[in-house]
Amino acid sequence: GSYVPAHLAFGEDHSLWSLGWQTDATKPLVPDRQDYMTVRKYSTDGKVAGAYLPRSLFPAGLEPGKDQWQEHRITVTGDRVGLEMDSGNAGNLREWVELDLNGNFSGRWKLDPSDGLYPGVALTSDGQAYTQRHEPSKPGQVFRLDRTSSTWQLVNAPSLQLYGADGDKVVFAESSDGDGV
């Protein structure tokens, strides 16, 4: 169809979740101006099991679920789906959005423009969300989402590149060429 699944992640039940965008029916390379669901869930037999998170929840501009080379913007854990969404006209205007496994909206939180783009947000299996800021005066600071206060709180972390999550652990990496990965 016209839905372009740009980012994929498997659920523990082997379902496939996608974050994407929809093309115009008459212009296949142009985003659809009609409202559509940005998140889809597929059953193990490949059928659409659900469609969630309307495009209209986000400001006009970039498609919230646009495809980006080598970016991973969807994570599925045992109790939630985490999504890093574009939210405006510039790629550094982003939000962290969470759904439960039935596709119900749980919350959304703005990301600071200096929050790391790779991996962006790391969601651990125990439900913690982490991001890294790359401000010149304070490089590599790591923040954890405090859902109660809707703020990103600074945490003690190594001075390495935030790489992602493995279970309930945050993963960091460094390289000999200094690019952090």
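## Strand β7 and two positive phi residues

At 46% relative accessibility, S150 comes out as partly exposed, because that value lies between the cut-offs of 20% for buried and 50% for exposed. This is a predicted model, and S150 is a handy way into it. The residue sits in the loop between β11 (138–146) and β12 (151–155). Its backbone is worth a look too: S150 isn't a glycine, yet its phi is positive, near 55°. For background, most residues other than glycine have a negative phi.

L53 is another non-glycine with a positive phi, about 60°. Where does L53 sit? Its place is in strand β4 (residues 48–54). L53 has 5% relative accessibility, so it counts as buried, the cut-off being under 20%.

Now for the sheet. Four strands make up an open sheet in the order β5-β6-β7-β8, and the pairing is antiparallel. At the edges stand β5 (74–76) and β8, each with a single partner strand, so one side of each has no neighbour in the sheet. Going from one strand to the next, the twist averages 15°. In general, strands of a sheet pair through backbone hydrogen bonds.

How buried is strand β7? Six of its six residues (94–99) are buried, so β7 is largely enclosed by the rest of the structure. R94, W96 and E98 point one way from the strand, while E95, V97 and L99 point the other way. That fits the general picture, in which side chains of a regular strand alternate between the two faces of the sheet. Note that the buried set includes R94, E95 and E98 alongside W96, V97 and L99.

On one side of the pairing list is β6 (residues 81–86), which runs antiparallel to β7 and is joined to it by six bridges. β7 also pairs with β8 (residues 105–111), again antiparallel and over six bridges. Here are some of the bridge partners:

| Residue | Bridge partner | Strand of the partner |
|---|---|---|
| M85 | E95 | β7 |
| G82 | E98 | β7 |
| E98 | G107 | β8 |

E98 turns up twice here: it is the partner of G82, and its own partner in β8 is G107.

Finally, what do β7 and β8 form together? They make a hairpin with five residues between them, and G103 in the turn has a positive phi of about 85°.

Terms used. Residues are numbered from 1 along each chain as its sequence is written. This is a predicted model: local features need pLDDT of at least 70, side-chain atom pairs count only at pLDDT 80 or more; totals for chains, interfaces and linings use all residues. Side-chain values use heavy atoms; hydrogens and water are left out. Buried means under 20% relative accessible area, exposed over 50%, partly exposed in between (1.4 Å probe, protein chains only). Helices (H or I, at least four residues) and strands (E, at least two) are DSSP runs, numbered from the N terminus. Two strands pair if DSSP finds at least two bridges between them. Axes are lines fitted to C-alpha atoms, for helices over the stretch in contact, and angles run from 0 to 180 degrees between N-to-C directions.
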